Amino acid sequence: MGSNPIHPLPLGFVFRSRAKEEKAAPTDKVSLTDSKQPRDPQAPKGRPTPKRSESQTQRRSVANTSMTRKDASKRQRDERRAQMERQRTALATGDERYLPARDKGPIRKFARDYVDSRINIAEFFLPLAVVILVLSVVQMPALQNIALLLWLVVIILIVVDSFWSAFRLRKLLSERFPGQNTKGSVRYALMRSLQMRRLRLPKPQVKRGERP
């Protein structure tokens, strides 16, 4: 009709899915919106710049995890060996800083000095026991009777001396350390008195007859 030619529309344009156009539209908007937001030039793409404290924490965690289990166990062994060496030196010199917990404190030091400053019959128990044992082995009734008598005498002397030492030490502790907890100090001193002087640890710091 008329001289104007009719151009047929392609079928793809007519039947094109509307859903594809709706999906494509938001994507374009999002990309335009994101492109307008400024980004820190030093930050990686899509990630904000970490704070200084966070970066230091990450570096420390990496350094800690870099130590292997073998290195950690070796470090613990070295520290334990150094601690034992300090403790051994303290037992010989009486250094309070590195003494074991049961030997620390002025109360325990006073109890040690009290025992070391006097002659304790209990400290001679071991050599006397050897002598009595030898006498009891000899096949002579007289010597065996003497050995049995010596056993009784030594035990009675040790008990009496220990009671007197405990009584005297308890009184001195109450005078020197009034109001303080001295529990266990008398027992600690009596156990020390059973040992020979040269074998005591910590080593004696006072001479016999010297007042603690």
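This is a guided tour of a predicted model, to be followed with the structure open in a viewer.

**Stop 1: helix H4 and the residue after it**

Begin by selecting residues 69-93, which form helix H4. The 25 residues of H4 should span 36 Å at 1.5 Å a residue, and the C-alpha atoms at its ends are indeed 36 Å apart, so the expected and the computed lengths agree. Step next to Gly94, which follows H4 and has a positive phi, near 80°.

**Stop 2: Asp103 and its surroundings**

Move along the chain to Asp103, which sits in the loop that runs between helix H4 and helix H5 (106-116). Is Asp103 buried or exposed? Its relative accessibility is 0%, and Asp103 therefore counts as buried. To see what surrounds Asp103, select Leu91, Glu96, Arg108, Arg112, Tyr188 and Pro202, which Asp103 touches when residues up to four places away in sequence are not counted.

Within that group, keep Tyr188 highlighted, since the side chains of Asp103 and Tyr188 make a polar contact at 2.6 Å. These two residues are 85 residues apart along the chain, and their C-alpha atoms are separated by 9.0 Å. Now add the side chain of Arg108, which lies over the face of Tyr188 at 4.8 Å from the ring centre. Tyr188 can thus be viewed with two partners, Asp103 through a polar contact and Arg108 over the ring face.

**Stop 3: the loop after H5**

Continue past H5 to Asn120, which is found in the loop between H5 and H6. Asn120 has a relative accessibility of 2%, and it counts as buried for that reason. The side chain of Asn120 reaches back to the backbone oxygen of Val115, at 3.0 Å. Apart from residues up to four places away in sequence, Asn120 touches Val115, Asp161, Ser193 and Arg200; one of these, Asp161, is also listed among the buried residues of H7.

**Stop 4: along helix H7**

Select residues 141-176 to bring up helix H7. At 1.5 Å a residue, the 36 residues of H7 should span 52 Å, and because its end C-alpha atoms are 52 Å apart, the helix agrees with that expectation. Which residues of H7 are buried? They are Ala147, Val154, Ile158, Asp161, Ser162, Ser165, Ala166, Leu169, Leu172 and Leu173, and these buried residues pack against H5, helix H6 (125-137) and helix H8 (185-193).

Ser165 deserves a separate selection: with 6% relative accessibility Ser165 counts as buried, and, leaving aside neighbours within four places in sequence, Ser165 is in contact with Tyr114 and Arg118.

**Stop 5: aromatic pairs**

The structure holds three aromatic pairs, and two of them are visited here. Select Phe125 and Trp151, which form a tilted pair with 6.1 Å from centre to centre and 55° between the planes. Phe125 lies in helix H6 and Trp151 in helix H7, so this pair ties together parts that are 26 residues apart in sequence. Phe125, at 34% relative accessibility, counts as partly exposed, and Trp151, at 28%, likewise counts as partly exposed.

Then select Trp164 and Phe167, a tilted pair with 6.1 Å between centres and 35° between the planes. Both residues lie in helix H7, three residues apart, which is about one turn of the helix. Trp164 is partly exposed, with a relative accessible area of 48%, whereas Phe167, at 51% relative accessibility, counts as exposed.

**Stop 6: the nonpolar cores**

In soluble globular proteins, nonpolar side chains tend to be buried together. Here, the largest nonpolar core has 13 residues, of which Phe110, Leu169 and Leu173 touch the most other members. Which elements give two or more residues to this core? They are H5, H7 and H8, and the largest share, five residues, comes from H5.

Centre the view on Leu173, which, apart from neighbours within four places in sequence, is in contact with Ile107, Phe110, Pro178, Thr182, Ser185 and Val186. Finish at a second, separate core of five residues, which includes Ile132, Ala147, Val154 and Ile158; among these, Ala147, Val154 and Ile158 are buried residues of H7.

Definitions and conventions. Residues numbered from 1 in each chain as written. Predicted model: local features only at pLDDT ≥ 70, side-chain atom pairs only at ≥ 80, totals over all residues. Heavy atoms only, no water. Helix = DSSP H or I, 4+ residues; strand = E, 2+ residues; numbered from the N terminus. Buried < 20%, exposed > 50% of the residue type's maximum accessible area, 1.4 Å probe, protein only. Contact = heavy atoms within 4.5 Å. Polar contact = N/O pair within 3.5 Å; in protein donor to acceptor, adjacent residues only side chain to side chain. Expected span 1.5 Å × (residues − 1). Phe/Tyr/Trp six-rings, centres within 6.5 Å; stacked < 30°, edge-to-face > 60°. Lys NZ or Arg CZ within 6 Å of the ring centre and 35° of its normal. Core = buried A, V, L, I, M, F, W, Y, C linked by side-chain atoms within 4.5 Å.
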